[in-house]
Amino acid sequence: MKNTVLTFKEAKKNGNKLSMITAYDYSTAKIFDEEGINSILVGDSLGMVMLGYEDTLSVTMEDMIHHTAAVSRGAKNALVVGDMPFLSYNLGIHDAVKNAGRFMKEGRADCVKLEGGKEVCDVIRAIVDAKIPVCAHIGLTPQAINALGGFKVQGKNLDSAKKLMEDALAVQEAGAFAVVIECVPDALAEKISKMLNIPTIGIGAGAGCDGQVLVYQDMLGMYSDFTPKFVKKFSDVGSQMRDGVKKYMKEVQDGTFPEEKHSFKIDKEIIDKL
Ligand code: KIV
């Protein structure tokens, strides 16, 4: 069954936890989708885990649309979330709605995600008015790392915790159907989750959120540049890839690959005539 914004609404009402994972290409999206994940986020984290940048700031609309379209072709039932990149929604409402529309028209996403609290509520309202569902993202917002002074836990003192609660209420009020909460103390994220009518999707925000999201390369052991404390390694696909490529190189070198069963045949007379 196709997951939609209504699935998210129902899950919140019934207390069912939502699972979200990132993907950036067709084959990976198809695997996660076939396993029944509720939602696939085409995160701008692709700048780091797919493109090798040190942060997400250089990711463009073209990068995001290209990868979102690939994921949408692989995801039949998961809700596909297209992540709006840095400065694609901060230069005026007109541009923001136009860019959100590109995720739907060209990327075939089911909704968009954008970072920020009160300061982006006008943009959320305008995109929602254009009939494009919006998932908000508060707490550690990686597009703001220069303003935040790095990848740091947010909401640890009274003022910043209060601000996060206000931001959460503001994005709900502006029409967001869900909100990602990143790198926030668990008790605060739980309080926010209980306060809101929309589901919270946590990443580094504890078990009290209504759902969880992780970057797949982190949780499958495929990205070693930096592993945040909140990541659990559910599998070690990176080691399996290393083993596989080592075996392949060895068999190429010693001539045991390819075998007859991997080769195509031609009549001997034809070969002899050449
Ligand atoms: O870009 C991304 O993958 C994200 C998640 C970390 C929530 O925004």
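Which residues does UniProt list for "binding site" in an unreviewed entry? Hi everyone, let me start there. One such listing from the UniProt record, an unreviewed entry, names Asp44, Asp83 and Glu115. Those residues span 72 positions in sequence, yet no two of their C-alpha atoms are more than 10.9 Å apart, so they gather at one spot. And Asp44, Asp83 and Glu115 are all part of the lining of the largest pocket.

Before I go on, please keep in mind that this is a predicted model.

UniProt also has a second listing under "binding site", again from an unreviewed entry: Asp44, Ser45, Asp83 and Lys113. Here the span is 70 residues in sequence, and no two C-alpha atoms are more than 12.5 Å apart, so this set gathers at one spot as well. The lining of the largest pocket takes in Asp44, Ser45, Asp83 and Lys113 too.

Now, what takes up the space of that largest pocket? It's the ligand. So let's look at the company around the ligand. The residues there are Thr22, Leu41, Gly43, Asp44, Ser45, Asp83, Lys113, His137, Val180, Glu182, Ile203 and Val215. Sorted by class, that shell holds 4 nonpolar, 4 polar and 4 charged residues.

For those of you who like distances, here are some involving ligand oxygen atoms. A polar side-chain atom of Ser45 sits 2.6 Å from a ligand oxygen. For Asp44, a side-chain N or O atom is 3.0 Å from an oxygen atom of the ligand. For Asp83, a polar side-chain atom lies 3.2 Å from a ligand oxygen. On its own, the ligand has 260 Å² of accessible area, and the protein covers 95% of that.

Let me zoom out to the whole chain. How is the protein chain divided into domains? Domain 1 runs over 5-235, and domain 2 over 241-273. The C-alpha centres of domain 1 and domain 2 are 45 Å apart.

To bring it back to the opening question: Asp44 and Asp83 are in the UniProt listing with Glu115, and Asp44 and Asp83 are also among the residues around the ligand. Thanks for listening, everyone!

Terms used. Residues numbered from 1 in each chain as written. Predicted model: local features only at pLDDT ≥ 70, side-chain atom pairs only at ≥ 80, totals over all residues. Heavy atoms only, no water. Near = heavy atom within 4 Å. Polar contact = N/O pair within 3.5 Å; in protein donor to acceptor, adjacent residues only side chain to side chain. Areas by Shrake-Rupley, 256 points an atom, 1.4 Å probe, with all protein chains shown as cover. 1 Å grid on protein atoms, 1.4 Å probe; cavity = no way out; pocket = protein on both sides within 12 Å on 5 of 7 lines; lining within 4 Å. Sits in = over half its atoms within 2 Å of the grid points. Nonpolar A, V, L, I, M, F, W, Y, C, P; charged D, E, K, R; others polar. Domains from an automatic or database assignment. UniProt positions renumbered as here; feature names shortened; annotations may be inferred.
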